[in-house]
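Morning, everyone. I'll keep this short. Please look at the screen.

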Amino acid sequence: MVSFTKLFTAGLVATSAMAAPMEAKRASSGKRGAAYNDITTVSALTSAGSISWAYNWGGSVSGSLPTNVEFVPMLWGPNFFGGWVTAIESALSSGSSYILGFNEPDMASQANMSPSDAASYYMTYITPYSGQAKLISPSVTSSTDTGAGLSWFESFIGSCSSCGISGLAVHWYGNTADEFKSFVTQAVDTASKYNLSEVWITEFALNADMNGAMDASATAAFLNEVIPWLDSQTGVARYSYFMCAENYLLSGGTPNQAGQAYISA
C-alpha cells in the first residue's frame, strides 16, 4: 500500500542530494525512529528521549536533527543515483552508521525494480561503503503476492549474497496488532535464514492511518500494544511509525494521542 505522502516524498528528497554537510549525530541505544519529510517536525517527537534515529527516504538530512538523533541515509531508487556519492559521503562523514537500501522496489509505484536489477544496483552504489557503515536491504512491502514482499527479498538476496548486507528492512500496513506481530516474526525468521543479524521496520501503520490518523485513540491503542513488543524482540533493531508529520503523529505541531503513545509506550 502507498499514500500520497509517500509518493510525494520522492520529489522532496530529489532536491536534497547536494545539501550542505550536516552536524555529526550519534545514535542512542533505542530502536525508535522518526520518518519525516519536514525536518523541523522531528523535534516534536524527541521530548521523551525515545527517538534515536531518523530518515527522510533520501541521502541528505536537509537541515539539523535534534542532538543524539542519528540520520540514516537511503538510496530511494534509480532516479537518485546521480547525487548519491556526494550525499552518502557527507552523511558518513557526519556520523551516519547505517545505509538503507531502495524504497519498496517490489512495488510498481515506488522504486520498482526486479530482484536481479536491484542486486546489481545495490552492488554498484551501496556495497562499496560496507567498510564504513552497516548495510540494510531494500525495504520491501508486507505484500503476500507472488514476487512481492518477503518473496521478492528472497530472490534479491539470492543474487546479492556478496553485497555485504547485515539487515533486512520491511514495511507493514494492516489492520491489527496480531497481524503486525505475525509479519514481523516472519521477517525475523527470514532474516535469520540468510544470516542477517537485524530487522528494521522502516514504515508501519494501520491501513486506516495511511493518509493521516483517522482515530488517534485507536492508533494509540495499537501502538501501546506493539511498541513494548517490538522493544522486547531481539531480532528487531529499529523501527519507525508512518510518520512524523501533521495529522499523523502530530497535531498543531505537537504529538497527538497517537504521537504520545509512540514516544512514551
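Surface first. The accessible surface of the protein comes to about 10200 Å². Of that, 50% belongs to carbon and sulfur atoms. Bear in mind that this is a predicted model.

Now the interior. The protein has 265 residues, and 57% of them count as buried. On secondary structure, there are seven helices and ten strands.

How do the contacts spread along the sequence? Take contacts between residues at least 6 apart in sequence. Of these, 71% join residues at least 24 apart.

On to the aromatics. How many aromatic pairs does a search of the whole structure find? The count is 27. A quick reminder: two numbers describe a pair of aromatic rings, the distance of the centres and the angle of the planes.

Start with Y55 and W57. Their rings sit 5.0 Å apart, centre to centre, with 50° between the planes. That pair is tilted, because its angle is neither under 30 degrees nor over 60. Buried or exposed? Y55 is buried, with a relative accessible area of 0%. W57 has 1% relative accessibility, so W57 counts as buried, the cut-off being under 20%.

Next, W172 and F180. Centre to centre, this pair is at 5.0 Å, and the planes make an angle of 65°. This one is edge-to-face, because 65° is over 60. Both W172 and F180 are buried.

Last item: a cluster. Which residues do ring pairs link there? The phenylalanines are F81, F102, F153 and F156. The tyrosines are Y121, Y122, Y125 and Y194. W152 belongs to the cluster too.

That's my part. Over to you.

Technical notes
Residues are numbered from 1 along each chain as its sequence is written. This is a predicted model: local features need pLDDT of at least 70, side-chain atom pairs count only at pLDDT 80 or more; totals for chains, interfaces and linings use all residues. Side-chain values use heavy atoms; hydrogens and water are left out. Helices (H or I, at least four residues) and strands (E, at least two) are DSSP runs, numbered from the N terminus. Buried means under 20% relative accessible area, exposed over 50%, partly exposed in between (1.4 Å probe, protein chains only). Contact means heavy atoms within 4.5 Å. Accessible areas come from the Shrake-Rupley method with a 1.4 Å probe; for residues, only the protein chains shown count as cover. Rings of Phe, Tyr and Trp (its six-membered ring) pair if their centres lie within 6.5 Å; planes under 30 degrees apart count as stacked, over 60 as edge-to-face and the rest as tilted.
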